[in-house]
Amino acid sequence: MESGIRLSSLCLLLCLGPVAGFGVDPSLRIDVLSELQLGGSAEGVRQVPGLHNGSKAFLFPDTTRSVKASPETAEIFFQKLRNKYEFTILVTLKQAHLNSGVILSIHHLDHRYLELESSGHRNEIRLHYRSGSHRSHTEVFPYILADNKWHRLSLAISASHLILHVDCNKIYERVVEKPFMDLPLGTTFWLGQRNNAHGYFKGIMQDVQLLVMPQGFISQCPDLNRTCPTCNDFHGLVQKIMELQDILAKTSAKLSQAEQRMNKLDQCYCERTCTIKGTTYREFESWTDGCKNCTCMNGTVQCEALICPLSDCPLNSALAYVDGKCCKECQCKFYCGGCFIIPGFFLTLNHICVCTGHDFCTEGHNCMEHSVCRNLDDRAVCSCRDGFRALREDNAYCEDIDECAEGRHYCRENTMCVNTPGSFMCICKTGYIRIDDYSCTEHDECIMNQHNCDENALCFNTVGGHNCVCKPGYTGNGTICKAFCKDGCRNGGACIASNVCACPQGFTGPSCETDIDECGTGRHSCANDTVCFNLDGGYDCRCPHGKNCTGDCIHENKIKHNGQIWVLENDRCSVCSCQTGYVMCRRMVCDCENPTVDLFCCPECDPRLSSQCLHQSGELSYSSGDSWIQNCQQCRCLQGEVDCWPLPCPEVDCEFSILPENECCPRCVTDPCQADTVRNDITKTCLDETNVVRFTGSSWIKHGTECTLCQCKVKSLKIKLRCFFPSLFCGI
């Protein structure tokens with residue numbers, strides 16, 4: 001019965017996992033895959049096995065398709081999202097290697113109100129959205145998602161607060177522009193593509209949901225910590241508690257029926273005896289044990305403390321304990337030295353009788369088994385040992401406390417409580433080993449190396465199993481942990497440990513961003529009769545004019561003969577040659593007429609129509625390898641896929657800036673009234689010459705002068721106090 005209850009509870013808890021969503025009001029959830037009814041009506045998309053069997057998963061292959069919500073379905077979605085600033089995107093996916101595709105897109109014409117994209121070419125996740133100023137924004141998160149492996153992704157937005165989780169690990173947390181979700185009529189909802197021609201996602205999707213709540217990642221990863229539960233969580237808990245109460249009521253009814261059947265067995269007479277201290281007693285037989293009256297009842301000894309009668313003692317006598325007796329008896333008073341003496345007591349008449357330091361216990365005491373005699377200043381008293389309780393008020397008789405029966409023990413799962421004199425002990429059940437004094441487990445899978453944790457994960461033994469958690473600086477599900485570098489690794493570097501990049505030859509720095517000057521540091525292999533010239537990511541050995549050089553080259557500690565050509569080991573698209581002592585390296589020249597040309601290095605040589613790309617307007621087509629600029633984004637066609645990323649803009653170092661129409665980068669202006677952005681931060685202040693606090697950007701006339709104007713400015717995160725003559729600005 002107990003195992004049935006545990007099994008039911010476990011099944012109920014499993015229902016709270018990533019499929020159903022823990023504590024989420026259905027009115028706040030958009031289950032995209034269910035609402036779109038994929039599989040039958042969406043050509044080119046078919047159902048396949050997913051990460052789990054709790055919901056349907058669909059394959060998005062490299063074929064023409066149109067996975068788009070109908071206007072009626074899309075409007076149902078938008079009614080929940082319109083004018084909302086707190087929502088979460090959840091998806092479980094397995095994206096094809098090097099694929100660049102759109103996970104979901106909500107857009108109207110060219111305005112992308114909410115679009116989530118994963119680029120396998122540049123190894124980054126992108127979020128496109130519009131802010132309240134009606135401007136388009138793109139947040140880029142360096143991360144490898146297109147690796148043909150399962151990942152659980154969660155993007156939570158709460159006004160200007162954004163959190164990205166991958167596989168239940170917080171990857172990024174940023175402050176962004178507040179999203180603008182005033183979705184106009186005619187807005188479309190696409191899944192796995194931007195439109196009919198672009199942004200095709202290749203891979204499998206499962207559990208695609210939009211939750212109109214700020215902490216929706218809890219639905220995907222219930223174990224993630226947070227400060228406070230939401231009201232939706234509370235309602236969900238109440239619902240599950242009601243279900244548990246229903247299970248408890250049904251179980252109680254079954255237990256009641258079983259109890260009734262057990263009661264019928266009581267009609268069968270079977271005498272049970274009790275054996276105590278070598279003596280056997282029959283049922284209902286009674287005896288005295290110390291100061292207790294005991295009875296054998298159905299094979300169990302039941303004892304009660306003796307009830308002493310109330311006695312009225314005659315004059316010159318008083319109640320006192322007598323050796324070998326459990327109740328007080330009347331004892332005569334004896335007068336001695338000004339004191340009436342009663343066995344066990346001193347009654348003072350004219351003065352106090354005290355025997356300081358006297359050992360009363362050695363003169364005899366009435367403390368029985370499990371009771372200890374202690375000396376006081378004027379008498380001896382009895383005290384029960386630890387784990388025993390008194391049977392009468394003088395503590396002379398004590399009985400053992402059964403911590404197991406009274407629930408006063410600390411034994412946990414997989415143990416049995418065994419009472420001992422004055423204490424208890426926890427015994428492991430058969431087949432279990434001890435974890436500590438109070439709990440046991442089947443076996444320690446971590447210590448015995450019977451786990452599947454990654455080498456960069458920590459193993460935590462649990463009752464009946466173990467948990468794997470990636471070490472700090474690594475991301476994954478515990479069985480597979482990858483090193484994570486927050487800023488990414490540039491110039492072909494690889495992330496090998498937490499924020500540690502392995503840089504290719506010729507580069508260094510935390511993110512492989514710095515070129516190594518082999519010539520300046522002496523880390524080159526140019527011969528003595530050649531001159532070293534530093535190059536980006538390498539160097540060149542040149543023979544000075546008039547010198548008779550050998551013509552051979554040394555590259556990577558290997559001799560390359562004059563005229564020799566070779567491909568770099570770590571970059572198959574770069575070719576090097578030795579020319580009269582000079583090592584010259586460049587990108588491979590693409591010969592499209594060569595039938596063995598490497599299409600990975602030369603995408604422009606790809607003749608297949610499937611490798612061509614269509615411009616966003618639908619009026620132009622591009623060959624693989626072509627690049628163009630569209631809506632302030634750099635776009636490139638690579639084997640039939642269009643990948644676009646924001647154009648890099650130079651940093652604007654001025655107080656006032658404007659983003660002109662039809663331009664991609666802001667420009668400085670002198671008129672603050674024309675500015676879109678004011679760099680001054682009023683939360684930072686300056687102290688003027690009289691120690692008065694001034695806000696950033698404020699101006700004032702310097703104390704004691706008439707022609708000196710001062711201004712508080714912020715530059716490079718440092719407050720500077722600048723003073724100048726007004727004539728520079730006023731034209732005086």
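**Exercise 1. A pair of strands and its sheet**

Which residue in E51 does Arg636 stand opposite? Place that pair in its sheet.

*Solution.* Keep in mind that the model you are looking at is predicted.

Step 1. Find Arg636 and look across to E51: the residue standing opposite is Asp643.

Step 2. Now look at the strands themselves. Strand E50 covers residues 633–638 and is joined to E51 by 6 bridges, with the two running antiparallel.

Step 3. Widen the view to the sheet, which is open, has 3 strands in the order E49-E50-E51, and pairs in the antiparallel sense. Strand E49 (627–630) and strand E51 (641–646) each have a single partner strand, so they stand at the edges, with one side of each lacking a neighbour in the sheet.

Step 4. Add the twist: on average, neighbouring strands here are turned by 30° against each other, ignoring direction.

As background, strands in a sheet pair through backbone hydrogen bonds, in a parallel or an antiparallel way.

**Exercise 2. Another open sheet**

Describe the sheet that contains E16, E17 and E18.

*Solution.* Step 1. Write down the order: this open sheet of 3 strands runs E16-E17-E18, and its pairing is antiparallel.

Step 2. Find the edges. Strand E16 (286–289) and strand E18 (300–305) hold these places, because each has a single partner strand and so one side without a neighbour in the sheet.

Step 3. Give the angle between neighbouring strands, which is 30° on average when direction is ignored.

Step 4. Zoom in on one pairing: E16 and strand E17 (residues 292–297) are antiparallel partners over 4 bridges. Here Trp287 stands opposite Cys294 in E17.

**Exercise 3. A hairpin**

How many residues lie between the strands in the hairpin of E28 and E29? Describe the pairing too.

*Solution.* Step 1. Locate strand E28 at residues 415–420 and strand E29 at residues 423–428; their antiparallel pairing has 6 bridges.

Step 2. Pick out one bridge: Cys417 is partnered by Cys426 in E29.

Step 3. Go to the turn. There are 2 residues between the strands, and in this hairpin Gly422 has a positive phi near 80°.

**Exercise 4. Positive phi outside glycine**

Where in the chain are Asn83 and Glu556 found, and what is the phi of Asn83 and of Glu556?

*Solution.* Step 1. Recall the usual pattern: most residues other than glycine have a negative phi.

Step 2. Take Asn83. Its phi is positive, near 65°, and it sits in the loop between helix H3 (71–81) and E4.

Step 3. Take Glu556. Its phi is positive as well, near 55°, and its place is the loop between strand E42 (553–555) and strand E43 (558–560).

Step 4. Check accessibility. Asn83 has a relative accessible area of 43%, so it is partly exposed. Glu556, at 30%, is also partly exposed.

**Exercise 5. Buried or partly exposed?**

Classify Cys576 and Lys94, and list what each one touches.

*Solution.* Step 1. Recall the cut-off: buried means under 20% relative accessible area, and partly exposed lies between that and 50%.

Step 2. Cys576 has a relative accessibility of 1%, so it counts as buried. Lys94, at 25%, is therefore partly exposed.

Step 3. Place them: Cys576 belongs to strand E45 (residues 571–579), and Lys94 to strand E4 (residues 86–95).

Step 4. List contacts, leaving out residues up to four places away in sequence. Cys576 touches Gln564, Ile565, Trp566, Leu568, Met584 and Cys585. Lys94 is in contact with several residues, including Asn148, Trp150, Phe201 and Ile204.

Step 5. Compare sequence with space. Lys94 and Leu51 are 43 residues apart in sequence, with 8.9 Å between their C-alpha atoms. For Cys576 and Arg586, 10 residues apart along the chain, the C-alpha separation is 6.5 Å.

**Exercise 6. The core and the whole chain**

Which residues touch the most other members of the largest nonpolar core?

*Solution.* Step 1. This core has 50 residues, and the ones to name are Leu38, Phe60, Leu81, Phe189 and Leu191.

Step 2. Follow Leu81: beyond its neighbours within four places in sequence, its contacts include Ile30, Phe87, Ile106 and Leu210.

Step 3. Look for another core. One of 9 residues lies apart, with Cys291, Cys326, Cys373 and Ala396 among them.

Step 4. Finish with the whole chain: it has 7 helices and 59 strands, and 36% of its 732 residues are buried.

Technical notes: Residues are numbered from 1 along each chain as its sequence is written. This is a predicted model: local features need pLDDT of at least 70, side-chain atom pairs count only at pLDDT 80 or more; totals for chains, interfaces and linings use all residues. Side-chain values use heavy atoms; hydrogens and water are left out. Buried means under 20% relative accessible area, exposed over 50%, partly exposed in between (1.4 Å probe, protein chains only). Contact means heavy atoms within 4.5 Å. Two strands pair if DSSP finds at least two bridges between them. Axes are lines fitted to C-alpha atoms, for helices over the stretch in contact, and angles run from 0 to 180 degrees between N-to-C directions. A nonpolar core is a set of buried Ala, Val, Leu, Ile, Met, Phe, Trp, Tyr and Cys residues joined through side-chain atoms within 4.5 Å.
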